[in-house]
Amino acid sequence: MSANYRPETICIQSGWKPQKGEPRVLPIYQSTTYKYDNSDQMGRLFDLEESGYFYTRLQNPTNDAVASKITELEGGIAGMLTSSGQAANYYAVFNICEAGDHFICSNSVYGGTFNLFGTTMKKQGISCTFIDPDASDEEIEAAFLPNTKAVFAETISNPSLVVLDIERFAAIAHKHGVPLIIDNTFATPINCRPFEWGADIVTHSTTKYMDGHAMSVGGAIIDSGNFDWMAHKDKFPGLTTPDESYHGIIYAEKFGKMAFIQKATAQLMRDLGSIQSPQNAFLLNVGLETLHLRMPRHCENALKVSEYLEKHEKVAWVNYAGLKSNKYHALAEKYMPNGTCGVISFGLRGGRDVSVAFMDKLKLAAIVTHVADARTCVLHPASHTHRQMTDAQLIEAGVAPDLIRFSVGIEHAEDIITDLEQALAAI
Ligand SMILES: *Cc1c(COP(=O)(O)O)cnc(C)c1O
């Protein structure tokens with residue numbers, strides 16, 4: 001679709017482009033397989049000589065239509081859907097790192113990502129150094145090793161809400177000849193497009209704002225096409241030397257700027273699975289059609305709620321980059337001038353136990369292991385998502401033991417505040 005369309009129009013119109021007589025609405029291609037007229041046609045697909053569908057574990061037309069919409073929203077060149085955000089982050093890193101490799105990651109990433117990178121991938125021989133995203137250039141550069149292959153961070157970290165200085169991170173990564181991978185889940189491309197600031201690859205947990213209604217778990221990987229794998233040939237043999245499992249194809253030579261997503265699809269999806277179900281992709285697409293309407297409302301409500309909490313005597317601290325008093329306000333203004341996200345965090349005077357008691361008093365805001373959807377919800381990371389972490393690890397990850405993660409929905413702001421008011425009065 002024309003590169004001139006604005007995000008609002010892309011949300012609605014992009015992706016599925018029906019031809020004459022085809023369904024106006026994106027169809028769910030509920031089919032594992034695809035028919036061909038002769039054996040040779042099918043053979044060429046397996047040789048990657050022609051593009052086409054043959055098995056849904058690798059590609060499905062419903063998924064591809066939705067991936068192309070997200071790709072356009074991000075301003076990327078190619079994209080793919082995955083079964084979850086976890087799969088997206090795993091594939092994004094594993095597509096370039098092999099056993100014996102190393103990468104660098106912000107220490108304030110989502111707990112699931114922290115476990116995946118720090119524990120599970122370590123068992124596969126891929127090591128990760130976690131760094132403070134606010135550390136100096138020198139400190140971050142000191143983490144690079146000869147076998148470092150990537151830098152990873154979140155635009156706005158979940159749940160510590162650190163705003164990343166994307167341009168600075170891109171410069172550091174590129175100085176060391178490696179790509180910057182950004183998990184853009186919380187900002188969404190409506191509020192931030194990391195490629196415009198030098199990021200090379202973007203990932204999403206589409207489970208959050210993109211789906212927007214807490215209906216389906218999913219993920220996406222989008223490539224900018226900007227990273228020159230061949231310029232760093234020795235670092236990225238998976239992309240720059242023959243793939244024996246694909247008749248000796250060299251992805252970066254054969255597919256040029258499309259190499260990253262081609263490899264992740266042809267090799268990782270083929271071997272590891274983790275495709276998004278077309279049914280879920282259909283629901284994700286419905287969510288994407290209103291992303292541009294929902295994000296501003298989430299931000300507007302979150303600002304009102306955080307301003308209310310900031311003034312409340314029982315509240316010890318509030319963290320929301322939209323607040324002028326926030327440490328990350330200037331970075332947020334630079335990277336997300338229209339707002340950051342609907343997620344805020346705060347702590348109550350009296351600490352951990354008071355926080356737990358307060359949550360139990362909420363009526364409108366539900367306690368759920370979820371974040372970033374239309375309904376206001378709340379979670380205590382130290383008791384829930386991050387409960388496997390020690391207090392020291394929590395603090396290192398920017399998650400205070402008393403931190404309440406409050407995901408502000410798109411209800412009327414006054415109703416959300418009234419709910420907070422009654423719960424605060426009850427403790
Ligand atoms: C939720 C989340 C993930 C993991 O995504 P799932 O879809 O739950 O697998 C990754 N990154 C961020 C920032 C998240 O919020």
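This report walks through the two largest pockets of a predicted model and the ligand bound in one of them.

## The largest pocket

Let's start with the largest pocket, whose volume is about 670 Å³. Its lining comprises 30 residues, and those nearest the centre are Gln-59, Asp-64, Ile-261, Gln-262 and Thr-265. Helix H3 (61-74), strand E1 (78-82) and helix H11 (259-272) each contribute at least two lining residues. Sorted by class, this lining holds 18 nonpolar, 9 polar and 3 charged residues.

## The second largest pocket

The second largest pocket encloses about 300 Å³ of space. It is lined by 21 residues, with Gln-86, Tyr-110, Asn-158, Ser-205 and Lys-208 closest to its centre. Helix H4 (residues 85-94) gives the most to this lining, namely 3 residues. Here the classes are 5 nonpolar, 12 polar and 4 charged.

## The ligand and its shell

Which pocket does the ligand sit in? The ligand sits in the second largest pocket, where 16 residues surround it. Asn-158, Asp-183, Ser-205, Thr-207 and Lys-208 are the closest of these. H4 again appears, giving the most to the shell with 3 residues. By class, the shell has 3 nonpolar, 10 polar and 3 charged residues.

For polar contacts, a ligand nitrogen lies 2.7 Å from an N or O atom in the side chain of Asp-183. One ligand oxygen atom is 2.6 Å from an N or O atom in the Thr-207 side chain, and a polar backbone atom of Gln-86 is 2.9 Å from an oxygen atom of the ligand. On its own the ligand has 380 Å² of accessible area, and the protein covers 93% of that.

How values were computed
Residues numbered from 1 in each chain as written. Predicted model: local features only at pLDDT ≥ 70, side-chain atom pairs only at ≥ 80, totals over all residues. Heavy atoms only, no water. 1 Å grid on protein atoms, 1.4 Å probe; cavity = no way out; pocket = protein on both sides within 12 Å on 5 of 7 lines; lining within 4 Å. Points joined across faces, edges and corners; volume = space filled by probe spheres on them. Helix = DSSP H or I, 4+ residues; strand = E, 2+ residues; numbered from the N terminus. Nonpolar A, V, L, I, M, F, W, Y, C, P; charged D, E, K, R; others polar. Near = heavy atom within 4 Å. Polar contact = N/O pair within 3.5 Å; in protein donor to acceptor, adjacent residues only side chain to side chain. Areas by Shrake-Rupley, 256 points an atom, 1.4 Å probe, with all protein chains shown as cover. Sits in = over half its atoms within 2 Å of the grid points.
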